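Colleague: I have a few questions about this model before I go back to the bench. Can we go through them one at a time?

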Amino acid sequence: MASALIISNLTQEWLESLRQWHLEYFFIPTTVITVATLLANPVLVSCIFLSRALRQETRYLLVANTLTADILYLILNMATIICNALRVPIPWLVCELVTAITVTTYCCAILTVTLMVVDTYAAVRWPLRYHDVLPPARTHRILVGVWVLAALYPFTLLIMMEMEKGNPHEVAFCLALISLGFFQVNNLEGVHIYFFVAALICALLIFVCYIQLYMVTRTHGIWHSRFSRARVTLLAHGVLLLLYFAPGFLFTLELFLFQEKAISQDVRVWISTVNMSVFMLLPRAFAPYLYGLRYREISKTLMQLLHQHRRLGQTTVS
């Protein structure tokens, strides 16, 4: 009962801060970014799986997995924001489940973009053995393992939270920060440390792979031109990786600040709202357009599918 009262008071204070600073207007950029991304992502995923050549290559399967994780994340995030904006009471179990799935999809995207860099390094470092080591069947098993690994920790927390007594039946405001932060304060210290260390390991692995890639290819002449394809690709992927990882590190900071009494509630609300409504959505907005434009095979397949659809439409009309 005490836990239910604490969570109720906390969500009520959070709502008051949102109203005081008129942060509901962040719903506008959230909607725009989400709609733009959900229009593009399914198209690219369909291109990859409809093309036999693309779905046989590891890098495109990794791209499809990243985009799929992003689609699920955006749908859950948008549904949560709509329910919060309409003040729809949400069962506590549903809120916990949505939090666990949302964290899983975000972690899966981070793990997959990390694997994309590792895959690029492996393809450049061992070009003759690459296809034998990573056939499509093995890539599928690796992706299943990525989803299981991404889901392991959040769903373990979900089970532990459900075992707690005195949880509320419904909440007026569902937020991953409140769910995980409240559990961290009352049961398990260091939830934020787990996310920080996991993200740091992935970031260091990416950094090492890029350094090794440069060392392997520096004598090939692909870095000499200032605007070479290699430089532009590295810059584009570097910016995208930064956009994926920065909100994750910011979320670990939010979890840390959640139990700091010296930090005002308004500061927490501002950081959480901006991070959830803008920063976490930016990489998902840029990813489909970056992959669609930078990967020639995907753009060619997309154009072929569009031409086929156009011819079919003309044939039907005639």
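Colleague: Start with Y194. What is its relative accessible area, and is it buried or exposed, or in between?
Modeller: This is a predicted model. In it, Y194 is partly exposed, with a relative accessible area of 35%.

Colleague: And Y153, buried or exposed?
Modeller: Y153 is buried, since its relative accessible area is 16% and the cut-off for buried is under 20%.

Colleague: What kind of aromatic pair do Y153 and Y194 form?
Modeller: A stacked one. The centres are 3.7 Å apart, and the planes make an angle of 25°.

Colleague: Why does that pair tie together separate parts of the chain?
Modeller: Y153 sits in helix α6 (residues 136–162) and Y194 in helix α8 (residues 191–217), so the pair links parts 41 residues apart in sequence.

Colleague: Which residues form a cluster with those two?
Modeller: F195 and F251 join Y153 and Y194 in one aromatic cluster.

Colleague: How many aromatic pairs are there in the whole structure?
Modeller: The search finds ten. One of them is W21 with W270, where the ring centres are 6.0 Å apart and the planes lie at 70°, so that pair is edge-to-face.

Colleague: Where do W21 and W270 lie?
Modeller: W21 is in the loop between α1 (2–20) and α2 (27–50), while W270 is in helix α10 (residues 265–279). The two parts are 249 residues apart in sequence, so this pair ties together distant stretches of the chain.

Colleague: How much of each is accessible?
Modeller: Both count as partly exposed: W21 has a relative accessible area of 39%, and W270 has 33%.

Colleague: Change of topic. What is the charge situation around E254?
Modeller: E254 is buried but has no salt bridge. R268 is the nearest side chain of opposite charge, and it is 9.7 Å away. A salt bridge needs the charged atoms within 4 Å, so R268 does not qualify at 9.7 Å.

Colleague: Then what is E254 in contact with, and where does it lie?
Modeller: E254 belongs to helix α9 (residues 229–258). Leaving aside neighbours within four places in sequence, its contacts are L177, I271, S272 and N275.

Colleague: Which residues touch the most other members of the largest nonpolar core?
Modeller: W14, V63, Y244, F245, Y291 and I298, in a core of 70 residues. Helix α3 (residues 58–85) gives the most to this core, with eleven residues.

Colleague: Take I298. What is it in contact with?
Modeller: Apart from neighbours within four places in sequence, I298 contacts L44, I48, L54, Y60, V63, Y291 and G292. There is also a second, separate core of seven residues, including I7, I90, W92 and V171.

Colleague: What about F183, buried or exposed?
Modeller: F183 is buried, with a relative accessible area of 2%. The residue lies in helix α7 (residues 176–186). Its C-alpha is 9.0 Å from that of M160, which is 23 residues away in sequence.

Colleague: Last, the overall picture. How many helices and strands are there?
Modeller: Twelve helices and two strands. From the N terminus, the order is α-α-α-β-α-α-α-β-α-α-α-α-α-α.

Colleague: And how much of the chain is buried?
Modeller: Buried residues make up 45% of the 318 residues. The accessible surface comes to about 17,000 Å², and 70% of that belongs to carbon and sulfur atoms.

Key
Residues numbered from 1 in each chain as written. Predicted model: local features only at pLDDT ≥ 70, side-chain atom pairs only at ≥ 80, totals over all residues. Heavy atoms only, no water. Helix = DSSP H or I, 4+ residues; strand = E, 2+ residues; numbered from the N terminus. Buried < 20%, exposed > 50% of the residue type's maximum accessible area, 1.4 Å probe, protein only. Areas by Shrake-Rupley, 256 points an atom, 1.4 Å probe, with all protein chains shown as cover. Core = buried A, V, L, I, M, F, W, Y, C linked by side-chain atoms within 4.5 Å. Contact = heavy atoms within 4.5 Å. Lys, Arg positive; Asp, Glu negative; His and termini not counted. Phe/Tyr/Trp six-rings, centres within 6.5 Å; stacked < 30°, edge-to-face > 60°.
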